[in-house]
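The exercises below ask the reader to work from the overall make-up of a protein down to single residues. Each task is followed by a solution that proceeds in steps.

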Amino acid sequence: MRFQIVLFFHLLLLSDSTVSLSVQFQNNSVNPPSFSVQGKARKTASRLSSPLIGYDGRVYACSETNLFAFESNGSVFWTVPLNHTCNVGLAPTHGERGKIYLVAEDKVIQVNPSNIGTNESAAEIFFGPEPGQEVPNEIIGLSASMSSLSVFINVKHRGLFAYGLDGQLRWTAGPVLHQFGYHQGCKQNVRDCYFTSIPVIDRCEANIYMSNTEGEMYALSARSPQFKWIQDFSSLDKVFTITPGNNGRVYVTVPVRAMVLALDVTTGNILWQMNTGPLSTTGCAPVVDSNGWISIGSLDGHLYSFSPTGSLKKFPRAAELNSVVQVSPLLDCSGYGVYISQTEMEGKMSHIIGEYTYISALKPRNSVFTMLVPSTVFIY
């Protein structure tokens, strides 16, 4: 498992790392990392998508028109041609019986690894326009739930689509619900409002969580297009990350405010809110372990871990002057331990402007991988 974790972080750095850093509340655009493929006549550079760790221990990532399965030592186990260019901004997602779903152009592709080497196609179009049909808007989110046997697809300006595993449409939902002469969702900007997030699935509550362009968060039923509640976070920011606790709580991370909030999944009420160190505007999603602790890495080099009631533990306790945590932590196979990657920079400076903190750093020197249990801060 530890080899797989190192490979996972390496692929994350390939797909989403930066060489120089100036990233609190604004993106610092640099050339995306890439890997090279040497051919007879030319050399091309391709970017890997965000990776997915499979239940079989392999790591999956797509690039251009191919899906790759990597062994724990980094070797390619198999390659499946997709015949369409994959969206490297969205990680593949697990399906039933080892199947994998991913977004490629205006389509969702279903990959069945068990068909590799047989007469049956390993990659098929699960969702997308038929020849001659109108091309749908951009697909900006994809998730699959095996408990509800559904695939959820968020299409920009069109809404959330729920499909059965047989490819049949079950229901759709938009960000606005009209009822009894009133509307719920999207505040006053009904016309230009749409869902912006990947469908986030709470596997204990059978909830789906979504965000919209107006800074609102929705809880919907996974089995019907029913709004359970809507919470407005626009006073904090319109951009935030949703993380299911699968423990009666759902967490919201607001990077621009360096803030984590815990919500009750039944009512949407805020149970507590806590601040962290400065967060990257990308790659700062937290993880929740089997003890119910939520952990997130900061650009100050620390891992911030909060108990279900909001108690804080920080690793390491001493200040890390030139370290940053650029990528999200990752759970180990037991669900209790967390892997983090701390990157040591050649130099780092902190700037406070108004109520915001900005981090500037030079190029990285090395990375240190640590596994620990957040509830006890025990280091393996």
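**Exercise 1. Place one residue in its surroundings.**

Task: Determine which residues are in contact with Ala-104 once its neighbours within four places in sequence are left aside, and decide whether Ala-104 is buried or exposed.

Solution: With the neighbours within four places in sequence set aside, Ala-104 is in contact with His-84, Thr-85, Cys-86, Asn-87 and Ile-109. The model is a predicted one, and these contacts are computed from its atoms, a contact being heavy atoms within 4.5 Å. The next step is to locate the residue, and Ala-104 belongs to strand β9, which covers residues 100-104. A further distance can be read for Val-88, which lies 16 residues from Ala-104 along the chain, the two C-alpha atoms being separated by 8.7 Å. Finally, the relative accessibility of Ala-104 is 0%, and since buried means under 20% relative accessible area, Ala-104 counts as buried.

**Exercise 2. Describe the protein as a whole.**

Task: State how many helices and strands the protein has, and what share of its residues is buried.

Solution: The protein contains one helix and 36 strands. Of its 380 residues, 52% are buried. The exposed surface amounts to about 17,900 Å², of which carbon and sulfur atoms supply 50%. As for contacts with a separation of 6 or more, 44% are made by residues 24 or more positions apart.

**Exercise 3. Reconstruct a sheet around a buried strand.**

Task: Give the order of the strands in the open sheet that includes β13, and explain why β13 is described as largely enclosed.

Solution: Begin with the order, which is β12-β13-β14-β15, four strands in an open sheet with antiparallel pairing. The edges are formed by β12 and β15, each of which pairs on one side only. From one strand to the next, the twist averages 15°.

Next, follow the pairing on either side of β13. Strand β12, residues 139-145, pairs with β13 in the antiparallel sense over six bridges; Gly-141 stands opposite Asn-154, and Ala-144 has Val-151 as its bridge partner. The hairpin of β12 and β13 has four residues between the strands, and Leu-149 takes a positive phi near 50° there. Towards strand β14, residues 159-164, six bridges again join antiparallel strands, with Phe-161 as the bridge partner of Ile-153. In the hairpin of β13 and β14, with three residues between the strands, His-157 takes a positive phi near 70°.

The last step concerns burial. Six of the six residues of β13, residues 150-155, are buried, so the strand is largely enclosed by the rest of the structure. Both faces are covered, with Ser-150, Phe-152 and Asn-154 buried on one side and Val-151, Ile-153 and Val-155 buried on the other.

**Exercise 4. Classify aromatic pairs.**

Task: Find how many aromatic pairs the structure holds, and explain why the pair of Tyr-60 and Trp-78 is classed as it is.

Solution: The structure holds 14 aromatic pairs. For Tyr-60 and Trp-78, the ring centres are 5.6 Å apart and the planes stand at 45°, so the pair is tilted. This pair links distant parts of the chain, since Tyr-60 lies in strand β5 (residues 59-63) and Trp-78 in strand β7 (residues 76-81), 18 residues apart. Tyr-60 and Trp-78 are both buried.

A second tilted pair is formed by Phe-152 and Trp-171, at 6.0 Å centre to centre with 45° between the planes. It connects strand β13, which holds Phe-152, with strand β15 (residues 169-173), which holds Trp-171, across 19 residues. Phe-152 is buried with a relative accessible area of 0%, and Trp-171 is buried with 9%.

Two further ring arrangements complete the solution. Ring pairs join Tyr-101, Phe-126, Phe-127, Phe-161 and Tyr-163 into a cluster. The charged end of Arg-58 sits over the ring of Phe-77, 3.6 Å from the ring centre.

**Exercise 5. Read a second sheet.**

Task: Identify which strands are the edges of the open sheet that includes β28.

Solution: The order is β26-β27-β28-β29, four strands in an open sheet with antiparallel pairing. Its edge strands are β26 (287-288) and β29 (312-315), each pairing on one side only. Between β28 (residues 303-306) and β29, which run antiparallel, there are four bridges, and Ser-305 has Lys-313 of β29 as its bridge partner.

How values were computed:
Residues are numbered from 1 along each chain as its sequence is written. This is a predicted model: local features need pLDDT of at least 70, side-chain atom pairs count only at pLDDT 80 or more; totals for chains, interfaces and linings use all residues. Side-chain values use heavy atoms; hydrogens and water are left out. Two strands pair if DSSP finds at least two bridges between them. Helices (H or I, at least four residues) and strands (E, at least two) are DSSP runs, numbered from the N terminus. Buried means under 20% relative accessible area, exposed over 50%, partly exposed in between (1.4 Å probe, protein chains only). Accessible areas come from the Shrake-Rupley method with a 1.4 Å probe; for residues, only the protein chains shown count as cover. Rings of Phe, Tyr and Trp (its six-membered ring) pair if their centres lie within 6.5 Å; planes under 30 degrees apart count as stacked, over 60 as edge-to-face and the rest as tilted. A charge sits over a ring if NZ of Lys or CZ of Arg is within 6 Å of the ring centre and within 35 degrees of the ring normal. Axes are lines fitted to C-alpha atoms, for helices over the stretch in contact, and angles run from 0 to 180 degrees between N-to-C directions.
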